[in-house]
Amino acid sequence: MSAQTATTTGSSTTGRHDAPGWAVLGPGGIARRFLSQLPASGVGATIVAAGSSSPDRARAFATDAVEHGFADVAAVSYADALADPSVDAVYVSTVHTGHAALVLAALEAGKAVLCEKPLSPNHGTAMALADAARQAGLPLVEAYMYRFHPQTAALLDLVRQGSIGAVTHVDASFAFRSGDRTGRLFDVDTAGGGILDVGGYPVTMAAAIVQAATGVAAAEPTELTATGTLGPTGVDEWTVAHLTYTPGITASVRTGVRVQDENAVVVYGTTGKITLTDPWTLGEEPTIEVHTVDEEPRTLSFAGAHPYALEADATTAALADRRVDAPQMTLDESLAAARTLDRWRAAIDLRFPFEAETADIPTVSGRPLVVAAREPERTDVPMRYGEIAGVGKRMSRLVMGVDNQPDLAHASAIFDLFVEQGGNVFDTGYIYGGGVLEGRLGTWIRNRGVREDVVVITKGAHTPYCDPESLSRQLLESLERQGTDYADIYMMHRDDEDVPVGEFVDVLDEHRRAGRIRVYGGSNWSTARFDEANEYARANGRHEFEVLSNHFGLAEAYDVPWAGCRHATDAASKQWLEERQVPLLPWSSQARGFFTGRAKPEDTSDAELVRCYYSDENFERLRRASELGERFGVPATAIALAYVLNQPFPTFPLFGPRTIAEARSSMTGLSVDLTPEQVAWLDLRD
């Protein structure tokens with residue numbers, strides 16, 4: 001079966017007339033386990049190609065394949081394997097750091113992908129891979145083969161059925177003692193160590209059990225602490241993590257490559273426990289033992305299953321059914337696991353050299369970044385553009401907030417996506433992340449060589465250091481952190497109305513004349529104080545304030561999240577903006593999640609959301625946004641963004657997506673054109 005056939009016919013795996021063809025990319029030890037079990041495929045899957053950077057390894061694997069009944073396996077390069085029309089799916093089984101490039105290449109070639117765990121060494125790269133699969137409409141399945149075994153399915157059924165009452169704790173381990181400190185497991189350049197090699201097993205098992213117990217789709221711990229030992233080569237050799245999940249379920253997970261553990265899973269509940277003594281390697285007859293207060297102990301046996309064949313069949317079933325993942329291990333679960341493994345490594349201070357804050361992290365594809373904003377004639381990107389006098393660059397109407405990126409790999413992946421979709425404006429501040437985030441943005445800009453393509457908004461002079469001297473000191477420090485000599489737009493992050501406004505205007509104008517600032521303005525400034533600043537500027541030959549960044553959005557704000565913040569959602573502020581045509585760079589245009597669906601009149605669990613936005617009027621705005629969203633085929637969040645973009649004054653809304661998926665969801669609002677009547681209707685003015 002070809003991938004094209006699956007796409008056009010929608011044939012299902014069951015009753016398939018031709019067997020799916022597989023290519024193995026990275027024919028090492030685990031690939032041979034895959035090879036040994038694939039003859040048990042329920043759909044007659046066959047291996048047609050072995051791809052490797054080493055011709056000798058590819059030929060050796062092709063020879064071994066004959067022993068398992070697969071003749072005529074082509075021993076080829078990675079590129080030739082992916083170009084083979086008889087290949088429907090690929091099994092990526094290289095070292096961890098080799099996964100990303102091969103996964104992307106396979107998806108671009110139209111192949112389904114089964115990728116050995118972990119998808120990548122970190123969440124930043126993993127979310128780029130998941131996004132590529134979703135955009136291609138092709139399966140990407142992380143090869144935690146135990147998730148496809150009937151023993152695991154039975155365990156999760158027992159949990160769902162309440163066989164041991166309410167789940168309270170999970171104990172899971174996968175650790176072994178390697179003979180010496182050589183090879184990929186002890187190499188920081190290939191992301192060695194226990195956490196990424198086998199620590200994902202207990203992490204994903206604990207998550208699956210919590211999911212079964214609670215019904216959530218992808219569980220992540222709300223708290224994670226860990227201790228561990230980094231060995232002489234720099235990788236984790238033994239580590240223990242303690243996890244807490246909502247609603248109070250805890251887990252203890254262990255992993256290592258220099259300590260042998262029991263490698264078992266025990267699930268504790270209010271009426272008993274469930275034990276798996278062979279949860280990972282799954283030998284000839286793995287068993288589940290169930291002990292409860294009301295029944296005699298019982299043992300369930302699961303002989304004869306072949307998990308590698310099962311994960312292969314699940315992948316080609318997803319291809320036939322036009323899904324992007326398999327229900328046994330979804331993309332959302334893989335991304336949740338990647339975030340958890342990142343947190344585990346961070347808790348023991350483990351970061352690989354290629355992830356360092358100073359590292360030259362390339363794009364996930366390895367190709368040069370496509371800067372869509374350079375090509376104004378392009379029509380295949382969603383971005384809208386505008387201009388602010390004095391900046392000297394065309395600006396994307398959507399502004400990426402530099403405040404939700406936990407590391408450089410994550411920042412690089414999400415910034416790359418934003419730029420490839422036409423974005424080029426970034427908002428950062430002196431206080432964000434204690435200065436780390438400004439440096440992170442600067443490193444990414446330097447790595448990509450895009451300083452003259454992007455617009456950087458820099459904010460400083462935050463309470464309690466809101467004075468002319470602090471403004472100058474923080475500006476110079478921000479520029480140093482970012483590795484640049486100017487700010488495209490500089491905004492005072494707060495105002496101190498006890499300081500004569502002229503003192504602020506004088507120092508800002510001085511920096512502008514020195515070339516350190518191109519355009520300046522205020523964030524969280526009152527409209528009256530803004531006017532006063534410009535009256536002083538005009539009277540004294542200074543440059544005027546040109547931009548304002550206050551809270552603005554569809555939901556009217558009744559309070560603000562942080563002290564000193566100001567909003568512009570009231571009628572008088574809207575009139576002021578329309579009359580003066582001051583460019584507004586609104587923050588929190590999504591009202592801190594009010595339009596995502598989590599705000600409900602009966603749910604008052606988020607005190608801040610309630611304090612700032614709960615009112616009958618705002619819930620009516622939410623209802624109208626949802627109604628209009630159905631008409632446009634977009635979520636209410638997209639309508640909320642479109643409301644901001646379609647104001648009668650220039651707006652450049654800030655958004656702070658935590659993931660690529662969130663960024664894409666927000667950007668759907670760029671496709672919505674609202675009439676003035678619809679804008680008024682959303683705002684209850686009609």
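## A walk through the model

Start at Gly110, just after helix H5, where phi is positive at about 85 degrees. Keep in mind as you go that this is a predicted model.

Now step back into H5 itself and select residues 99-108: 7 of the 10 are buried, so the helix is largely enclosed by the rest of the structure. The buried ones to colour are His99, Ala100, Leu102, Val103, Leu104, Ala106 and Leu107. What sits over them? Show strands E1 (21-25), E4 (89-92), E5 (112-116) and E6 (140-143), plus helices H4 (78-83) and H6 (123-136), which are among the elements covering those buried residues.

While E5 (112-116) is on screen, pick out Cys115, which counts as buried because its relative accessibility is 0%. Then jump to Cys565, another buried cysteine, at 10% relative accessibility. Is there a partner to look for? The count of disulfides comes to 0. For Cys565, the nearest cysteine sulfur belongs to Cys612 and is 9.1 Å away, so with a cut-off of 2.5 Å Cys565 is in no disulfide.

Next stop: helix H7, residues 150-160, where you'll find Thr152. Buried or exposed? Thr152 is buried, since its relative accessible area is 1%. Leave out the neighbours within four places in sequence, and the contacts of Thr152 are Tyr146 and Arg147. Put a distance between the C-alpha atoms of Thr152 and Ile209 as well: the two are 57 residues apart in sequence and 9.7 Å apart in space.

Select residues 155-274 now. An unreviewed UniProt entry annotates this stretch as "domain: GFO/IDH/MocA-like oxidoreductase". Coloured by secondary structure, residues 155-274 come out as 22% helix and 36% strand. Check the two ends of the stretch too: their C-alpha atoms are 8 Å apart.

Finish at the largest pocket, which holds about 1000 Å³ of space. To centre the view, select Asn404, Ser588, Arg592, Gly656 and Arg658, the closest to the pocket's centre of the 35 residues that line it. Then bring up helix H17 (607-613), strand E23 (654-655) and helix H20 (660-667), the elements that each give two or more residues to the lining. H20 has the largest share, with 3 residues. Which classes make up the lining? Colour by residue type and you get 16 polar, 10 charged and 9 nonpolar residues.

Key
Residues numbered from 1 in each chain as written. Predicted model: local features only at pLDDT ≥ 70, side-chain atom pairs only at ≥ 80, totals over all residues. Heavy atoms only, no water. Buried < 20%, exposed > 50% of the residue type's maximum accessible area, 1.4 Å probe, protein only. UniProt positions renumbered as here; feature names shortened; annotations may be inferred. Helix = DSSP H or I, 4+ residues; strand = E, 2+ residues; numbered from the N terminus. Contact = heavy atoms within 4.5 Å. 1 Å grid on protein atoms, 1.4 Å probe; cavity = no way out; pocket = protein on both sides within 12 Å on 5 of 7 lines; lining within 4 Å. Points joined across faces, edges and corners; volume = space filled by probe spheres on them. Nonpolar A, V, L, I, M, F, W, Y, C, P; charged D, E, K, R; others polar.
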